[in-house]
Amino acid sequence: MRKGKGLTPERGLFELYRDDPERADALVFGRRSGPDRRGFLKGAGLATMGAVLGATIPFHRNMPAGWIPAALADQDQGFVIAGKEGLRVLNDRPVNAETPPHLLDDPITPTERFFIRNNGIPPENTDPEGWTLVIDGEVERPLKLSIADLKRNFEVVTLALQLECGGNGRAFFDPPARGNQWTYGAVGCALWTGVRLKDLLEAAGVKPSAVYTAHYGADTDVSGDPNKIPISRGVPIEKAMNPYNLVAFAMNGGPIHPMNGAPLRLVIPGWPGSCSHKWLQRIWIRDRVHDGPKMTGTSYRVPRYPVAPGEKVPKEDFVIIHSMPVKSVITAPKTGIEHPKDRVLEVRGHAWAGDNFVTRMDISIDFGRSWIRAELDPPDNPYAWQHWRAKIRFPIAGYYEIWARATDDEGRMQPFRIPWNPKGYLNNSMHRIAVRVV
Amino acid sequence: MRERLGAVILAAALWGGGPVSAIEPDELPEGPGRELTFYTCAACHSFNLVAQQRQDRAGWADTIAWMVEEQGMSEPEPEELELILDYLASAFGVRARTPPTLPQRPLLVEDLPEEPGRDLTFYTCAACHSFNLVAQQGQDRAGWADTIDWMVEEQGMSEPEPDELELLLDYLSRWFGPDRRFLTTLSEPEQAASSRP
């Protein structure tokens, strides 16, 4: 951020002025202020600023140094997502944004830091009043429920549940895989309040012919075609009956953020985030594997055998992703810090393992030659991520990488290298950060 | 071209000390300075040594400075040096950083390199989704052809005319290929995410 390369396409007015307002004055307008930090020294920059504004500035003598003219400030085109903070925006139509790892440090991810993965354009009206959920298809008693009905007729529960995008980590694929280039932060663990999906399905009476769920929401396709559904995925009925799936109407004790699916969404933790449909309106129980948009072809699918990086895989050899693999993230310290040699460094973060539990967490500061066992907490409830921490002493000043490796209850560990697949899914290779010990 | 070059190097590696055919200048990637670079390097050593390297421009400048100072290479004229460095950095440079650093504002058509196909590419893609989605990708020509096929078949994209498709694929693979060249034309952006240690 402080490389000072001037006003380049990705370095907007705001950023320049935030870094060094007076320098920004000079860079953008050639402006230099007087000793009282007001006005334009010998008129330097006044004509330029006037030309950009399309007007002279009558009170230019009073104009503070480092001041973005409001007329230009209004034109700033940087990404702003109301109610979100610190996210890295990958794409603005549809909106996709991830959380830098050091902003995932909280045990429960705050709403403003929860990542956004959209396939379509969110609905404009997310008023809970008048919102209905339909459950139909292979059921004895199709249901049509308001959010008030859900709260009144079913047990309301609050659970800490982690969600991760199936493509988290895609940015590191080589050769690159197409799609949003997520790095580490398409993951979060919020407190979700709602009713159990299982309770709803039991109230509707799932028929023996039921095979798969099919989820539909109120978002619209990016093409603008009102008849086109941007995404409709589902899960096998056995997974749908897991008691930790929620139809949620609250997030972290408050409203769900509009970009995270307000006013009603599915939370089907441990599986690719796309199973947890946002702006939920209908759950159709099907007598076959669902074939909605992003269920078929190669979407959210991986080859059923290991492949070489770059290998072409026939479509029929792809299988639908079920549970996400064991994974962890280092949330403190932030990568790139300097640390005094004589002080102990606490390293911490979270770990999760899809449908499984994390049973062991190890840290390496010597590129994987030796490992230090970290303290690992049990989850608040199944499908919550687990917190871990380790205290590190460094033997000598120098450059270190801290690597983190989680192991699940079936003994599976995070790999060193990406298990490459054509669509860039399931990258659970170890997170590593840099620390310079001085 | 790269494939053939790769094959030559691979053959050299497999055959060990056996007879191998040296790289000829017309086998190298095209570009200004190709012949100058070839003959400057091959004056003293096989070009096969050069073709194995991956250095950015600063790395190549260091290498040449070292050869001049310690290896008895005669110093190139300044304008020749520029041309050689441009060619080496482009043909034997490092791949774009992984993961890509991304602009934190919507990309506009003027942000893209002004070459045939620019406006067609921008407006074809941005009709449905943000161009920022395109700018992150690193697909070769075949990958882009697949991507467009998929969008036409499954995402409701209207099929481009054959001549438009060629222009689109040329532009996309040139600037949004595996080296993510377009992103390297932008200077270090503000990036909330720490991209790597």
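Student: In this predicted model, is A:N252 buried, partly exposed or exposed?
Tutor: Count the neighbours. A:N252 has 19 other C-beta atoms within 10 Å. A buried residue needs 20 or more, and an exposed one has 12 or fewer. The count of 19 falls in between, so A:N252 is partly exposed.

Student: What is the phi of A:N252?
Tutor: Most residues other than glycine have a negative phi. A:N252 is not a glycine, yet its phi is positive. The residue sits in the loop between β9 (246-251) and β10 (265-267) of chain A. Its phi is about 55°.

Student: Where is A:Y300 in chain A?
Tutor: Look between two strands. The residue follows β11 (280-286) and comes before β12 (301-303). A:Y300 is therefore placed in the loop between β11 and β12.

Student: Is A:Y300 buried or exposed?
Tutor: A:Y300 has a positive phi, near 50°. Now count its neighbours: 23 other C-beta atoms lie within 10 Å. The cut-off for buried is 20 or more, so A:Y300 is buried.

Student: Which residue does a cis peptide bond join to A:P333?
Tutor: Most peptide bonds are trans. This one has an omega of about 0°. A:P333 lies in the loop between β14 (327-332) and β15 (337-339) of chain A. The residue joined to A:P333 is A:A332.

Student: Is the peptide bond from A:D174 to A:P175 cis or trans?
Tutor: A:P175 is in the loop between β6 (156-164) and β7 (187-196) of chain A. Check omega for the bond from A:D174: the angle is near 0°. The bond is cis.

Methods
Residues are numbered from 1 along each chain as its sequence is written. Chains are lettered from A and ligands numbered from 1 in the order in which they are written. This is a predicted model: local features need pLDDT of at least 70, side-chain atom pairs count only at pLDDT 80 or more; totals for chains, interfaces and linings use all residues. Helices (H or I, at least four residues) and strands (E, at least two) are DSSP runs, numbered from the N terminus.
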